[in-house]
Amino acid sequence: MKRYQFKDVLYMKKGRALPVANEKKECIGFIEKADISGCEKGHAFTFTANDGTTVAMGIKKRGIKNFLAATYVIRTEGETYALKDKAGNSLLYFCVVGDIDGKNIRIEENWSKEVEVKVDQAQIATIKPDDFSFKTIILVEDNICEPSTFFAVTVLMSLCIKYTKMNLSLLKASYLMNGKHTDYSCLELIC
């Protein structure tokens with residue numbers, strides 16, 4: 001497996017680029033904040049590989065019907081894809097499913113709080129957030145190349161996961177600070 005990493009940031013400003021480095025600490029591409037029509041402001045990013053290939057991903061704007069279930073929009077130069085929270089699973093742990101280039105993709109959190117990326121049921125990558133070093137480490141199978149859509153989706157999904165969890169934490173804190181509720185057991189299932 002190949003190893004990649006980038007620094008985590010609490011807030012990413014528009015115009016700031018986060019370099020993604022390989023095991024040799026060589027920059028293989030950049031992550032930048034983006035604006036994608038129809039996606040939540042502040043929750044859209046691009047990954048641009050050194051060869052110029054760019055993939056954009058954002059969290060689709062949510063309404064009342066889909067407040068708890070996110071849809072992730074992925075745009076390449078010629079295609080648009082959508083990944084969705086898996087109904088039922090997403091209440092307990094992060095789990096997203098969809099189809100990219102005719103292949104099933106499943107991105108889900110495991111018991112170790114790592115995120116596994118599977119394409120047609122074969123694991124192609126693991127996302128390992130490191131809260132102590134403020135770095136995200138990504139392990140990718142050797143047959144997945146950096147300019148590929150699957151590589152870019154893996155890199156960008158790590159940011160979407162972070163923002164989704166941060167928003168859920170804020171929602172939980174707001175709910176708890178309200179003071180009107182004494183039974184928070186149902187909220188634990190959501191967060």
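What share of the 191 residues of the protein chain count as buried? In this predicted model, the share is 42%. The legends below start with the whole chain and then move in on a few places worth a closer look.

**Figure 1. The whole protein chain, with its 12 strands and 2 helices.** Following the chain from the N terminus, you meet the elements in the order β-β-β-β-β-β-β-β-β-β-β-β-α-α. The accessible surface adds up to about 10,800 Å², and carbon and sulfur atoms hold 55% of that area. Among contacts between residues at least 6 apart in sequence, 32% link residues at least 24 apart.

**Figure 2. Strand 4 and strand 5 as a hairpin.** Here strand 4 (residues 39–49) pairs with strand 5 in the antiparallel sense, through 6 bridges. One pair to pick out is Thr-46 and its bridge partner in strand 5, Ala-56. Between the two strands sit 4 residues, and in this turn Gly-52 has a positive phi of about 95 degrees.

**Figure 3. Strand 5 and its pairing with strand 6.** Strand 5 (residues 54–60) has 5 buried residues out of 7, so it is largely enclosed by the rest of the structure. Strand 5 and strand 6 run antiparallel and are joined by 4 bridges. Look for Ile-59, whose bridge partner in strand 6 is Tyr-72.

**Figure 4. A close-up of Thr-71 in strand 6 (residues 71–75).** Is Thr-71 buried or exposed? Its relative accessibility is 13%, and the cut-off for buried is under 20%, so Thr-71 counts as buried. Leaving aside residues up to four places away in sequence, Thr-71 touches Gly-58, Ile-59 and Lys-60, along with Ala-82, Leu-83 and Lys-84.

**Figure 5. The largest nonpolar core, a set of 41 residues.** In soluble globular proteins, nonpolar side chains tend to be buried together. Which members of this core touch the most other members? They are Ile-31, Phe-47, Tyr-72, Leu-83, Ile-105, Ile-107 and Met-157. Helix 1 (residues 149–177) gives the most to this core, contributing 10 residues. Two of these names have appeared in earlier views: Tyr-72 is the bridge partner of Ile-59, and Leu-83 is among the residues that Thr-71 touches.

**Figure 6. A second, separate core of 5 residues.** Ile-36, Ala-44, Ala-56 and Val-73 are among the members of this core. You may recognise Ala-56 from the hairpin view, where Ala-56 is the bridge partner of Thr-46.

How values were computed:
Residues are numbered from 1 along each chain as its sequence is written. This is a predicted model: local features need pLDDT of at least 70, side-chain atom pairs count only at pLDDT 80 or more; totals for chains, interfaces and linings use all residues. Side-chain values use heavy atoms; hydrogens and water are left out. Buried means under 20% relative accessible area, exposed over 50%, partly exposed in between (1.4 Å probe, protein chains only). Contact means heavy atoms within 4.5 Å. Two strands pair if DSSP finds at least two bridges between them. Accessible areas come from the Shrake-Rupley method with a 1.4 Å probe; for residues, only the protein chains shown count as cover. A nonpolar core is a set of buried Ala, Val, Leu, Ile, Met, Phe, Trp, Tyr and Cys residues joined through side-chain atoms within 4.5 Å.
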